[in-house]
Amino acid sequence: MPQFDRIQPRKGRGATYNPVNRFSPTHSETQDDGWWQEEMPTRLATVVSEEQARSALSWNNSPDLPFDRSLNPYRGCEHGCIYCYARPSHAYWDLSPGIDFETRLIARSGLVDRLREEFCKKSYVCRPIALSGNTDCYQPLESERGTTRELLAFLLECRHPVSIITKSALVLRDLDLLSELAKHRLTRVSISLTSLDSDLKRTLEPRTASPSARLRTVARLSEADIPVGVMIAPVIPGLTDHELERMLEYARDAGAQWAGWTLLRLPREVAPLFDEWLQVHYPERAGKVMSLIRQCRSGADYDSRFGKRMRGEGVFADLIGQRFDKACRRLGLNDPDRSEARQLDVTAFRPPRAQGDLFE
(Lines give C-alpha, C1' and ligand atoms only; values in the text may rest on other atoms or scores of the structure.)
Protein backbone atom coordinates (compact mmCIF):
# COMPACT_ATOMS: atom_id res chain seq x y z
CA MET A 1 0.00 0.00 0.00
CA PRO A 2 1.58 3.31 -1.00
CA GLN A 3 2.32 5.72 1.79
CA PHE A 4 0.35 8.57 0.16
CA ASP A 5 -2.72 6.33 0.15
CA ARG A 6 -2.41 5.44 3.81
CA ILE A 7 -2.74 9.02 5.03
CA GLN A 8 -5.45 10.26 2.67
CA PRO A 9 -8.83 10.40 4.44
CA ARG A 10 -11.86 9.70 2.24
CA LYS A 11 -14.97 11.80 2.66
CA GLY A 12 -17.56 9.88 4.66
CA ARG A 13 -15.18 7.05 5.57
CA GLY A 14 -13.47 6.30 8.87
CA ALA A 15 -10.48 4.14 7.94
CA THR A 16 -7.63 5.69 5.98
CA TYR A 17 -6.31 2.44 4.49
CA ASN A 18 -6.85 -1.30 4.12
CA PRO A 19 -4.63 -3.40 6.40
CA VAL A 20 -3.58 -6.79 5.06
CA ASN A 21 -6.03 -9.62 5.63
CA ARG A 22 -4.34 -11.69 8.35
CA PHE A 23 -5.61 -14.95 6.86
CA SER A 24 -4.17 -14.33 3.41
CA PRO A 25 -1.14 -16.56 2.67
CA THR A 26 0.49 -13.81 0.57
CA HIS A 27 0.21 -10.08 0.21
CA SER A 28 1.67 -7.41 -2.03
CA GLU A 29 2.67 -3.81 -1.50
CA THR A 30 2.44 -1.01 -4.05
CA GLN A 31 5.41 1.35 -4.12
CA ASP A 32 5.25 4.88 -5.47
CA ASP A 33 8.09 5.11 -8.02
CA GLY A 34 7.20 8.63 -9.10
CA TRP A 35 5.73 7.62 -12.46
CA TRP A 36 2.12 7.06 -11.46
CA GLN A 37 0.27 10.34 -11.82
CA GLU A 38 -3.38 9.45 -11.20
CA GLU A 39 -4.75 10.87 -7.95
CA MET A 40 -6.49 8.49 -5.57
CA PRO A 41 -10.26 9.11 -5.35
CA THR A 42 -11.44 10.93 -2.23
CA ARG A 43 -14.84 9.19 -2.35
CA LEU A 44 -15.43 5.44 -2.34
CA ALA A 45 -18.71 3.83 -3.35
CA THR A 46 -20.37 1.15 -1.23
CA VAL A 47 -20.60 -2.32 -2.80
CA VAL A 48 -23.15 -4.80 -1.44
CA SER A 49 -23.09 -8.56 -1.96
CA GLU A 50 -25.67 -11.14 -0.95
CA GLU A 51 -25.33 -14.04 1.46
CA GLN A 52 -28.01 -16.69 1.85
CA ALA A 53 -28.06 -17.25 5.61
CA ARG A 54 -27.52 -20.82 6.79
CA SER A 55 -28.37 -19.92 10.38
CA ALA A 56 -29.78 -16.87 12.11
CA LEU A 57 -28.56 -16.70 15.69
CA SER A 58 -24.98 -16.26 16.88
CA TRP A 59 -24.29 -17.74 20.31
CA ASN A 60 -21.80 -16.77 23.00
CA ASN A 61 -21.04 -17.76 26.58
CA SER A 62 -19.03 -14.64 27.48
CA PRO A 63 -19.44 -13.84 31.19
CA ASP A 64 -19.19 -10.08 30.60
CA LEU A 65 -22.02 -9.88 28.05
CA PRO A 66 -25.68 -9.49 29.13
CA PHE A 67 -26.96 -11.76 26.33
CA ASP A 68 -26.17 -15.24 25.04
CA ARG A 69 -27.56 -14.87 21.49
CA SER A 70 -27.50 -12.16 18.85
CA LEU A 71 -28.82 -11.56 15.36
CA ASN A 72 -26.90 -9.65 12.69
CA PRO A 73 -28.62 -8.76 9.40
CA TYR A 74 -25.42 -7.33 7.86
CA ARG A 75 -21.70 -8.01 7.76
CA GLY A 76 -19.57 -4.89 7.66
CA CYS A 77 -21.00 -1.49 8.55
CA GLU A 78 -21.29 1.65 6.47
CA HIS A 79 -21.30 3.80 9.61
CA GLY A 80 -17.51 3.60 9.37
CA CYS A 81 -16.73 4.03 13.09
CA ILE A 82 -12.95 3.88 13.20
CA TYR A 83 -12.93 2.22 16.64
CA CYS A 84 -15.41 -0.57 15.82
CA TYR A 85 -14.41 -3.81 17.56
CA ALA A 86 -16.19 -5.77 14.80
CA ARG A 87 -13.73 -4.73 12.09
CA PRO A 88 -11.47 -7.81 12.49
CA SER A 89 -14.44 -10.09 11.70
CA HIS A 90 -14.34 -8.90 8.07
CA ALA A 91 -11.11 -10.84 7.57
CA TYR A 92 -13.14 -14.08 7.80
CA TRP A 93 -14.80 -13.08 4.51
CA ASP A 94 -11.45 -12.52 2.76
CA LEU A 95 -11.87 -8.76 3.10
CA SER A 96 -9.86 -6.13 4.93
CA PRO A 97 -10.94 -4.77 8.34
CA GLY A 98 -10.07 -1.30 7.06
CA ILE A 99 -11.84 0.49 4.24
CA ASP A 100 -13.37 -2.80 3.02
CA PHE A 101 -15.28 -3.12 6.31
CA GLU A 102 -17.27 0.04 5.60
CA THR A 103 -17.47 -0.11 1.79
CA ARG A 104 -17.85 -3.82 0.93
CA LEU A 105 -20.93 -4.97 2.82
CA ILE A 106 -22.71 -8.31 2.94
CA ALA A 107 -26.50 -8.37 3.23
CA ARG A 108 -27.87 -11.58 4.71
CA SER A 109 -31.11 -12.92 3.26
CA GLY A 110 -33.50 -15.62 4.45
CA LEU A 111 -33.03 -14.75 8.13
CA VAL A 112 -36.72 -14.99 9.02
CA ASP A 113 -36.88 -18.51 7.59
CA ARG A 114 -33.74 -19.57 9.46
CA LEU A 115 -35.05 -18.00 12.66
CA ARG A 116 -38.34 -19.84 12.23
CA GLU A 117 -36.45 -23.13 11.98
CA GLU A 118 -34.47 -22.40 15.13
CA PHE A 119 -37.55 -21.36 17.11
CA CYS A 120 -39.32 -24.59 16.09
CA LYS A 121 -36.63 -26.80 17.61
CA LYS A 122 -37.83 -28.55 20.77
CA SER A 123 -34.54 -27.70 22.43
CA TYR A 124 -34.97 -23.95 21.93
CA VAL A 125 -35.22 -21.95 25.17
CA CYS A 126 -36.50 -18.39 24.88
CA ARG A 127 -34.21 -15.62 26.12
CA PRO A 128 -33.80 -12.07 24.76
CA ILE A 129 -32.07 -11.72 21.39
CA ALA A 130 -29.57 -8.88 20.97
CA LEU A 131 -30.12 -7.07 17.66
CA SER A 132 -27.31 -6.56 16.72
CA GLY A 133 -24.30 -7.97 18.52
CA ASN A 134 -21.72 -7.17 15.86
CA THR A 135 -22.66 -4.44 13.34
CA ASP A 136 -25.48 -1.91 13.51
CA CYS A 137 -28.83 -3.32 12.36
CA TYR A 138 -29.96 0.21 11.43
CA GLN A 139 -26.96 1.18 9.32
CA PRO A 140 -27.82 3.05 6.06
CA LEU A 141 -28.24 -0.18 4.08
CA GLU A 142 -31.28 -1.07 6.22
CA SER A 143 -33.28 1.82 4.73
CA GLU A 144 -33.41 0.00 1.39
CA ARG A 145 -33.26 -3.65 2.54
CA GLY A 146 -35.69 -3.57 5.48
CA THR A 147 -34.33 -6.81 6.96
CA THR A 148 -34.41 -5.50 10.52
CA ARG A 149 -38.05 -4.51 10.18
CA GLU A 150 -38.94 -7.98 8.85
CA LEU A 151 -37.20 -9.55 11.83
CA LEU A 152 -39.00 -7.30 14.33
CA ALA A 153 -42.38 -8.17 12.77
CA PHE A 154 -41.59 -11.88 13.07
CA LEU A 155 -40.39 -11.52 16.68
CA LEU A 156 -43.62 -9.69 17.54
CA GLU A 157 -45.64 -12.48 15.93
CA CYS A 158 -43.80 -15.02 18.10
CA ARG A 159 -43.87 -12.81 21.22
CA HIS A 160 -40.11 -13.17 21.46
CA PRO A 161 -38.14 -10.55 23.46
CA VAL A 162 -35.47 -8.51 21.69
CA SER A 163 -33.04 -5.80 22.78
CA ILE A 164 -31.66 -3.29 20.29
CA ILE A 165 -28.57 -1.10 20.33
CA THR A 166 -28.00 1.42 17.57
CA LYS A 167 -26.51 4.81 16.80
CA SER A 168 -29.01 5.50 14.01
CA ALA A 169 -32.21 7.56 14.00
CA LEU A 170 -33.60 5.05 11.46
CA VAL A 171 -34.88 3.05 14.44
CA LEU A 172 -37.78 5.54 14.56
CA ARG A 173 -39.07 4.12 11.26
CA ASP A 174 -40.13 1.05 13.22
CA LEU A 175 -41.87 2.94 16.01
CA ASP A 176 -45.12 1.06 15.33
CA LEU A 177 -43.55 -2.38 15.83
CA LEU A 178 -41.45 -1.26 18.78
CA SER A 179 -44.49 0.27 20.49
CA GLU A 180 -46.41 -2.99 20.13
CA LEU A 181 -43.45 -5.01 21.39
CA ALA A 182 -43.10 -2.65 24.35
CA LYS A 183 -46.76 -3.12 25.30
CA HIS A 184 -45.95 -6.80 25.87
CA ARG A 185 -42.64 -6.07 27.64
CA LEU A 186 -40.75 -7.56 24.71
CA THR A 187 -38.24 -4.85 23.81
CA ARG A 188 -35.85 -2.22 25.07
CA VAL A 189 -33.65 0.09 23.00
CA SER A 190 -30.23 1.52 23.77
CA ILE A 191 -28.89 4.47 21.79
CA SER A 192 -25.11 4.61 21.57
CA LEU A 193 -23.53 7.99 22.41
CA THR A 194 -19.83 8.62 21.88
CA SER A 195 -19.54 12.41 21.85
CA LEU A 196 -21.61 15.59 21.72
CA ASP A 197 -19.06 17.17 19.40
CA SER A 198 -20.41 17.08 15.82
CA ASP A 199 -17.01 17.92 14.31
CA LEU A 200 -15.39 14.98 16.10
CA LYS A 201 -18.28 12.69 15.11
CA ARG A 202 -17.82 13.47 11.42
CA THR A 203 -14.43 11.76 11.33
CA LEU A 204 -14.82 9.32 14.24
CA GLU A 205 -18.18 7.89 13.10
CA PRO A 206 -18.68 9.46 9.66
CA ARG A 207 -22.03 7.99 8.57
CA THR A 208 -23.84 7.84 11.89
CA ALA A 209 -26.61 10.12 13.13
CA SER A 210 -25.50 13.40 14.67
CA PRO A 211 -25.37 13.68 18.47
CA SER A 212 -28.47 15.90 18.47
CA ALA A 213 -30.35 13.42 16.27
CA ARG A 214 -29.53 10.59 18.67
CA LEU A 215 -30.83 12.59 21.63
CA ARG A 216 -34.01 13.38 19.68
CA THR A 217 -34.32 9.65 19.00
CA VAL A 218 -34.10 8.94 22.73
CA ALA A 219 -36.85 11.51 23.30
CA ARG A 220 -39.15 10.07 20.61
CA LEU A 221 -38.74 6.54 21.94
CA SER A 222 -39.42 7.70 25.50
CA GLU A 223 -42.53 9.61 24.41
CA ALA A 224 -43.78 6.40 22.75
CA ASP A 225 -43.36 4.52 26.08
CA ILE A 226 -40.61 2.35 24.67
CA PRO A 227 -37.98 1.54 27.34
CA VAL A 228 -34.88 3.45 26.25
CA GLY A 229 -31.40 4.02 27.62
CA VAL A 230 -27.99 5.04 26.38
CA MET A 231 -24.61 3.39 26.04
CA ILE A 232 -21.70 5.78 26.44
CA ALA A 233 -19.53 3.73 24.16
CA PRO A 234 -16.74 3.78 23.68
CA VAL A 235 -15.22 6.14 26.20
CA ILE A 236 -11.96 7.25 24.57
CA PRO A 237 -9.35 8.43 27.11
CA GLY A 238 -7.97 11.84 26.26
CA LEU A 239 -10.53 12.41 23.49
CA THR A 240 -14.12 11.96 24.75
CA ASP A 241 -13.87 11.08 28.46
CA HIS A 242 -14.25 14.74 29.49
CA GLU A 243 -17.81 14.67 28.05
CA LEU A 244 -19.00 11.75 30.19
CA GLU A 245 -21.14 13.64 32.72
CA ARG A 246 -22.58 16.01 30.13
CA MET A 247 -23.62 13.13 27.83
CA LEU A 248 -25.38 11.42 30.73
CA GLU A 249 -27.17 14.63 31.68
CA TYR A 250 -28.35 15.29 28.13
CA ALA A 251 -29.50 11.67 27.80
CA ARG A 252 -31.45 11.83 31.08
CA ASP A 253 -33.12 15.08 30.01
CA ALA A 254 -34.12 13.44 26.71
CA GLY A 255 -35.83 10.59 28.56
CA ALA A 256 -33.21 7.87 28.99
CA GLN A 257 -34.00 5.53 31.87
CA TRP A 258 -30.65 3.79 32.19
CA ALA A 259 -27.07 4.09 30.99
CA GLY A 260 -24.02 1.90 30.51
CA TRP A 261 -20.46 2.47 29.35
CA THR A 262 -17.53 0.65 27.81
CA LEU A 263 -13.92 1.63 27.40
CA LEU A 264 -12.40 1.83 23.93
CA ARG A 265 -11.46 -1.63 22.64
CA LEU A 266 -8.68 -2.03 20.05
CA PRO A 267 -8.48 -5.73 19.10
CA ARG A 268 -6.21 -6.94 16.29
CA GLU A 269 -6.26 -4.60 13.27
CA VAL A 270 -8.32 -1.94 15.06
CA ALA A 271 -5.30 -0.70 17.04
CA PRO A 272 -3.17 0.38 14.02
CA LEU A 273 -6.26 1.70 12.21
CA PHE A 274 -7.20 3.86 15.20
CA ASP A 275 -3.62 4.98 15.78
CA GLU A 276 -3.30 6.14 12.17
CA TRP A 277 -6.69 7.87 12.36
CA LEU A 278 -5.36 9.82 15.34
CA GLN A 279 -2.20 10.75 13.43
CA VAL A 280 -4.28 12.05 10.51
CA HIS A 281 -7.04 13.90 12.38
CA TYR A 282 -5.65 14.68 15.85
CA PRO A 283 -1.84 14.49 15.60
CA GLU A 284 -1.34 16.82 18.56
CA ARG A 285 -3.30 14.43 20.83
CA ALA A 286 -2.26 11.08 19.37
CA GLY A 287 0.57 10.37 21.79
CA LYS A 288 -1.46 11.29 24.87
CA VAL A 289 -4.51 9.27 23.80
CA MET A 290 -2.54 6.11 23.04
CA SER A 291 -0.58 6.50 26.29
CA LEU A 292 -3.78 6.71 28.35
CA ILE A 293 -5.24 3.72 26.51
CA ARG A 294 -2.16 1.64 27.35
CA GLN A 295 -2.35 2.75 30.97
CA CYS A 296 -5.84 1.17 31.05
CA ARG A 297 -4.65 -1.99 29.26
CA SER A 298 -1.63 -3.12 31.30
CA GLY A 299 0.73 -1.34 28.92
CA ALA A 300 -0.72 -2.90 25.74
CA ASP A 301 -3.09 -1.56 23.09
CA TYR A 302 -5.72 -4.11 24.13
CA ASP A 303 -6.48 -6.66 26.81
CA SER A 304 -8.97 -9.36 25.76
CA ARG A 305 -9.52 -10.87 29.21
CA PHE A 306 -13.14 -11.21 30.32
CA GLY A 307 -13.95 -8.59 32.91
CA LYS A 308 -11.11 -6.36 31.67
CA ARG A 309 -11.86 -5.88 27.96
CA MET A 310 -14.97 -3.74 28.52
CA ARG A 311 -13.74 -1.54 31.39
CA GLY A 312 -9.95 -1.74 31.51
CA GLU A 313 -8.01 -1.46 34.75
CA GLY A 314 -5.71 0.93 36.57
CA VAL A 315 -6.12 4.41 38.02
CA PHE A 316 -7.55 6.11 34.93
CA ALA A 317 -10.06 3.33 34.15
CA ASP A 318 -11.17 3.23 37.80
CA LEU A 319 -11.66 7.01 37.75
CA ILE A 320 -13.94 6.76 34.69
CA GLY A 321 -16.00 4.10 36.45
CA GLN A 322 -16.31 6.21 39.60
CA ARG A 323 -17.33 9.28 37.62
CA PHE A 324 -19.93 7.28 35.70
CA ASP A 325 -21.47 5.76 38.85
CA LYS A 326 -21.55 9.10 40.66
CA ALA A 327 -23.19 10.87 37.71
CA CYS A 328 -25.82 8.14 37.31
CA ARG A 329 -26.74 8.36 41.00
CA ARG A 330 -27.02 12.15 40.80
CA LEU A 331 -29.17 11.98 37.65
CA GLY A 332 -31.40 9.11 38.78
CA LEU A 333 -30.23 6.73 36.05
CA ASN A 334 -29.99 2.96 36.67
CA ASP A 335 -32.43 3.21 39.58
CA PRO A 336 -32.47 -0.32 41.12
CA ASP A 337 -36.12 0.15 42.11
CA ARG A 338 -37.04 0.42 38.43
CA SER A 339 -34.81 -2.41 37.16
CA GLU A 340 -37.61 -4.98 37.28
CA ALA A 341 -39.70 -2.87 34.90
CA ARG A 342 -36.88 -3.10 32.35
CA GLN A 343 -36.81 -6.90 32.39
CA LEU A 344 -38.17 -8.50 29.23
CA ASP A 345 -40.88 -11.15 29.33
CA VAL A 346 -39.72 -14.59 28.18
CA THR A 347 -42.91 -16.39 29.23
CA ALA A 348 -45.13 -15.19 26.36
CA PHE A 349 -43.07 -16.85 23.63
CA ARG A 350 -45.14 -18.91 21.20
CA PRO A 351 -43.14 -20.95 18.66
CA PRO A 352 -44.23 -20.47 15.05
CA ARG A 353 -45.58 -23.27 12.97
CA ALA A 354 -42.88 -24.98 10.95
CA GLN A 355 -43.13 -24.31 7.22
CA GLY A 356 -45.15 -27.03 5.53
CA ASP A 357 -46.96 -27.99 8.75
CA LEU A 358 -50.61 -28.43 7.75
CA PHE A 359 -51.84 -30.04 10.94
CA GLU A 360 -51.95 -26.95 13.21
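This text leads through a predicted model, moving from its strands to its aromatic rings and then to a few arginines.

A good place to begin is strand E7, which spans residues 162-166 and is mostly covered, since 4 of its 5 residues are buried. This strand has partners that can be followed one after the other. With strand E6, made up of residues 129-131, E7 pairs in the parallel sense over 3 bridges, and within this pairing Ala130 stands opposite Ser163 of E7. With strand E8, which covers residues 187-193, E7 likewise pairs in the parallel sense, here over 5 bridges, and Ile164 is found opposite Val189 of E8. The connection between E7 and E8 can also be traced, for the two strands and helix H6, residues 175-183, together make a right-handed β-α-β unit.

Elsewhere in the model there is an open sheet of 3 strands, arranged in the order E1-E5-E4 and with mixed pairing. Its edge strands are E1, residues 47-52, and E4, residues 74-75, each of which pairs on one side only. Strand E5, residues 104-109, runs antiparallel to E4, and 2 bridges join them; here Arg75 stands opposite Ile106 of E5.

Ala107, which lies in strand E5, offers a closer view of the surroundings of this strand. Its relative accessible area is 3%, and because buried means under 20%, Ala107 counts as buried. Although Ala107 and Val48 are 59 residues apart along the chain, their C-alpha atoms are separated by 6.8 Å. Once residues up to four places away in sequence are set aside, Ala107 touches Val48, Ser49, Glu50 and Glu51, together with Pro73, Tyr74, Leu141 and Arg145.

The aromatic residues give another way into the structure. A pair of aromatic rings is described by the distance of the centres and the angle of the planes. The structure holds 7 aromatic pairs, and one of them brings together Phe119 and Tyr124, whose ring centres lie 5.0 Å apart and whose planes meet at 45 degrees, so that this pair is tilted. Both partners can be placed with respect to the surface: Phe119 is buried, with a relative accessible area of 1%, and Tyr124, at 13% relative accessibility, also counts as buried. Trp277 and Tyr282 form an aromatic pair that is tilted as well, with 5.6 Å from centre to centre and 45 degrees between the planes, and both of these residues are buried. The pair of Phe119 and Tyr124 belongs to a wider arrangement, in which ring pairs link Phe119, Tyr124, Phe154 and Phe349 into a cluster.

Aromatic rings also meet charged side chains in this model. Arg246 lies over the face of Tyr250, at 5.9 Å from the ring centre, while Arg265 lies over the face of Tyr85, at 4.6 Å from the centre of that ring.

A further arginine, Arg323, is located in helix H12, which comprises residues 315-331. The side chain of Arg323 makes a polar contact of 2.8 Å with the side chain of Glu245. If neighbours within four places in sequence are left aside, Arg323 is in contact with Asp241, His242 and Leu244 as well as with Glu245, and with these contacts the walk through the model ends.

How values were computed. Residues numbered from 1 in each chain as written. Predicted model: local features only at pLDDT ≥ 70, side-chain atom pairs only at ≥ 80, totals over all residues. Heavy atoms only, no water. Buried < 20%, exposed > 50% of the residue type's maximum accessible area, 1.4 Å probe, protein only. Pairing = 2+ DSSP bridges. Right-handed = clockwise from strand over helix to strand, strands pointing away. Phe/Tyr/Trp six-rings, centres within 6.5 Å; stacked < 30°, edge-to-face > 60°. Lys NZ or Arg CZ within 6 Å of the ring centre and 35° of its normal. Polar contact = N/O pair within 3.5 Å; in protein donor to acceptor, adjacent residues only side chain to side chain. Contact = heavy atoms within 4.5 Å.
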